[in-house]
Amino acid sequence: FVGINMGSLAYMGGALGVGIGFGLQNIFSNFISGIIILLEKTLKVGDFVDLQSGVMGKVAEINMRYTRITTNDNVDILVPNSEFINGRVVNWTFDNQLRRLKIPFGVAYGSNKDKVKIAGLAAAASVPFTIVDEVHKSDVWLVNLGSSSLDFELIVWIGEGGVKTPTRVHSAYMWALETELVKAGLEIPFPQQDLHMRSGSLKVQIVETDSSNK
């Protein structure tokens, strides 16, 4: 009646509907993912998780659209629920609260392996996070003959308090290992360079070492 082509309005409405549909797609996906999480109960408040995106922390809140993760630096991160459904999620406290850690370290060639093991076990015993019983025992493994060091791993079991603070725990074991290795007179490898002189030229050969204790 007023001269407006209703067919044009229909096309505009269809395009608008498609745009709104794409815009709501992520919201709807997160909403459905939230329902799945709440129904399956694979994730609960208080769990310590490590996401594929690199986010690591404690689950503080689960909502229909997002889950709030609080990191050990007390930073709250709002993670879309679809990330828990579509990506890899490591739940460190899903069922069993005990976890085994492997702390890598290295000593110089020629070191007494028995002394290394004694020093490693002493380091494990000095850290309060360590759990020791008949089933869960600390150990020291020789895992590799490196280019410049004997590479070992300190095997320890930790409880829930340690699982939720992995960086702090790793630092505590490295601190204790360095203390015990020095006390036992065991040398820790460090970077070094050998210079080889030839007639008329200077050749520098870099001998690879691992100062980070593989």
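Biologist: Through how many residues does a hairpin join β2 to β3?

Modeller: In this predicted model, β2 and β3 (residues 66–70) run antiparallel and are joined by 4 bridges. The number of residues through which the hairpin joins β2 to β3 is 3.

Biologist: Which residue of β3 is the bridge partner of Val59?

Modeller: The strands β2 and β3 run antiparallel, with β2 covering residues 56–62. In β3, the bridge partner of Val59 is Ile69.

Biologist: Which residue in the hairpin of β1 and β2 takes a positive phi?

Modeller: Strand β1 (residues 48–51) runs antiparallel to β2, and 3 bridges join them; Phe48 stands opposite Lys58 in β2. The hairpin has 4 residues between the strands. The positive phi, near 105°, belongs to Gly54.

Biologist: In what order do the 5 strands of the open sheet lie?

Modeller: Two of the pairings have been described: β1 with β2, and β2 with β3. The edge strands are β4 (76–80) and β5 (89–91), each of which pairs on one side only. The pairing in this open sheet is antiparallel, and the order is β4-β3-β2-β1-β5.

Biologist: What does the twist average from one strand to the next in that sheet?

Modeller: The value concerns the open sheet of 5 strands in the order β4-β3-β2-β1-β5. From one strand to the next, the twist averages 40°.

Biologist: Which are the edge strands of the open sheet formed by 3 strands?

Modeller: This open sheet has the order β6-β8-β7 with antiparallel pairing. A strand that pairs on one side only is an edge strand here, and this applies to β6 (99–107) and β7 (139–145).

Biologist: By what angle are neighbouring strands of this sheet turned against each other on average?

Modeller: The neighbours follow from the order β6-β8-β7. With direction ignored, the average turn between neighbouring strands is 30°.

Biologist: Which residue in β8 does Val140 stand opposite?

Modeller: β7 pairs with β8 (residues 150–158) in the antiparallel sense, over 6 bridges. Within β8, the residue opposite Val140 is Leu154.

Biologist: At about what angle to β7 does helix α3 run?

Modeller: Two helices are to be described on the sheet of β6, β8 and β7. Helix α5 (residues 166–183) lies across β6 and β8, and runs at about 40° to β6. Helix α3 (residues 113–126) lies across β6, β7 and β8, and its angle to β7 is about 130°.

Biologist: What distance separates the C-alpha atoms of Ser126 and Ala172?

Modeller: Ser126 lies in helix α3, and Ala172 is 46 residues away from Ser126 along the chain. Their C-alpha atoms are separated by 9.4 Å.

Biologist: Is Ser126 buried, exposed or partly exposed?

Modeller: A polar atom of the Ser126 side chain lies 2.7 Å from the backbone oxygen of Ala123. The accessibility classes are buried under 20%, exposed over 50%, and partly exposed in between. Because its relative accessibility is 44%, Ser126 counts as partly exposed.

Biologist: Which residues form an aromatic pair, and is the pair stacked or edge-to-face?

Modeller: A search of the whole structure finds 1 aromatic pair. Its rings are 5.7 Å apart centre to centre, with 20° between the planes. Planes under 30 degrees apart count as stacked, so the pair of Phe105 and Phe152 is stacked.

Biologist: How many residues apart in sequence are the parts that this pair ties together?

Modeller: Phe105 is buried, with a relative accessible area of 1%, and Phe152 is buried as well, at 3%. Phe105 lies in strand β6 and Phe152 in strand β8, so the pair ties together parts whose separation in sequence is 47 residues.

Biologist: Is Asp151 buried or exposed?

Modeller: Asp151 lies in strand β8, and a polar contact of 2.7 Å joins its side chain to that of Ser149. Because its relative accessible area is 3%, Asp151 is buried.

Biologist: What percentage of the 214 residues in the protein chain do buried residues make up?

Modeller: The protein chain has 5 helices and 10 strands. Its accessible surface comes to about 13600 Å², of which 58% belongs to carbon and sulfur atoms. Among the 214 residues, the buried share is 32%.

Notes: Residues are numbered from 1 along each chain as its sequence is written. This is a predicted model: local features need pLDDT of at least 70, side-chain atom pairs count only at pLDDT 80 or more; totals for chains, interfaces and linings use all residues. Side-chain values use heavy atoms; hydrogens and water are left out. Two strands pair if DSSP finds at least two bridges between them. Axes are lines fitted to C-alpha atoms, for helices over the stretch in contact, and angles run from 0 to 180 degrees between N-to-C directions. Contact means heavy atoms within 4.5 Å. Buried means under 20% relative accessible area, exposed over 50%, partly exposed in between (1.4 Å probe, protein chains only). A polar contact is a pair of N or O atoms within 3.5 Å; within protein, one must be able to donate a hydrogen and the other to accept it, and residues adjacent in sequence count only if both atoms are side-chain atoms. Rings of Phe, Tyr and Trp (its six-membered ring) pair if their centres lie within 6.5 Å; planes under 30 degrees apart count as stacked, over 60 as edge-to-face and the rest as tilted. Accessible areas come from the Shrake-Rupley method with a 1.4 Å probe; for residues, only the protein chains shown count as cover.
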